Amino acid sequence: MSTAVSADRTPARADARVVVWYDSACPLCRREIALMRRLDRRGRIDVVDATTGACPIDRAQMLARFHAREGDGPLLSGAAAFAAMWRAIPPLRPLGLLARHRPVLALLERAYVAFLRIRPRLRRWLTEKTA
């Protein structure tokens, strides 16, 4: 799979642009991206709707996990993708930098995988709540 989750070893540049792909059909994902857009006061994050936008890999793979690309770096997935996005947002940058350490990234990835298991229930609950 081309979206291996590993500690990203590219230089930690505070000005690196980050492209993130998200599932706009997911109310939880929409809320998360809305929050990141509000926090991204420097405009360093480009957001792509993976349900309709161009995807660098299979659309189903893009929608199954969160993906991001930091600068010219590799396509990142899961916790590594979140960490790349956090590094572009000054208040979250320390957490993103901490995630460059393999044990921290591994812990975040485990939490992300656990979240993916309950995501369908959360999605249904949020859809019912907003209906």
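Here is a chat between a student and a tutor about the structure above.

The model is predicted, so local features need pLDDT of at least 70 and side-chain atom pairs count only at pLDDT 80 or more, while totals for chains, interfaces and linings use all residues. Residues are numbered from 1 along each chain as its sequence is written, and side-chain values use heavy atoms, with hydrogens and water left out.

Student: What pattern does the protein follow along the sequence?

Tutor: Start with the parts: there are 5 helices and 4 strands. These are DSSP runs numbered from the N terminus, with at least four residues (H or I) for a helix and at least two (E) for a strand. Read along the sequence, the pattern is β-α-β-α-β-β-α-α-α.

Student: Is Leu126 buried or exposed?

Tutor: Leu126 sits in helix H5. Buried means under 20% relative accessible area, exposed over 50% and partly exposed in between, using a 1.4 Å probe and protein chains only. Leu126 has a relative accessible area of 4%, so this residue is buried.

Student: Which residues does Leu126 contact, leaving aside its neighbours within four places in sequence?

Tutor: Contact here means heavy atoms within 4.5 Å. One partner is far along the chain: Leu28 is 98 residues apart from Leu126, yet their C-alpha atoms are separated by 7.1 Å. With those neighbours left aside, the contacts are Pro27, Leu28 and Arg31.

Student: And Val104, what is its relative accessible area?

Tutor: Val104 is found in helix H5, which covers residues 102-130. Leaving aside neighbours within four places in sequence, Val104 touches Leu98 and Ala99. Val104 is partly exposed, because its relative accessible area is 23%.

Student: How many residues of H3 are buried?

Tutor: Helix H3 runs over 79-87. Its buried residues include Ala79, Phe82, Trp86 and Arg87. The helix is mostly covered, and the count is 9 of its 9 residues.

Student: Which class does the pair of Phe66 and Phe82 belong to, stacked or edge-to-face?

Tutor: Rings of Phe, Tyr and Trp (its six-membered ring) pair if their centres lie within 6.5 Å; planes under 30 degrees apart count as stacked, over 60 as edge-to-face and the rest as tilted. By this rule the count comes to 4 aromatic pairs. Phe66 and Phe82 have ring centres 4.2 Å apart and planes at 25°, so the pair is stacked.

Student: Why does that pair tie together separate parts of the sequence, and how many residues apart are they?

Tutor: Both Phe66 and Phe82 are buried, and they belong to one aromatic cluster with Trp86, Tyr112 and Phe115. Phe66 lies in the loop between H2 and strand S3 (67-70), whereas Phe82 is in helix H3, so the parts they tie together are apart in sequence by 16 residues.

Student: Which element supplies the largest share of the lining of the largest pocket?

Tutor: A pocket is an open set of points on a 1 Å grid over the protein atoms alone, where a 1.4 Å probe fits, with protein on both sides within 12 Å along at least five of seven lines; lining residues have an atom within 4 Å of a point. Of the 21 lining residues, those closest to the centre are Glu32, Phe66, Phe82, Tyr112 and Phe115. Strand S1, H1, H2, H3 and H5 each supply at least two residues of the lining. The largest share, 6 residues, comes from H5.
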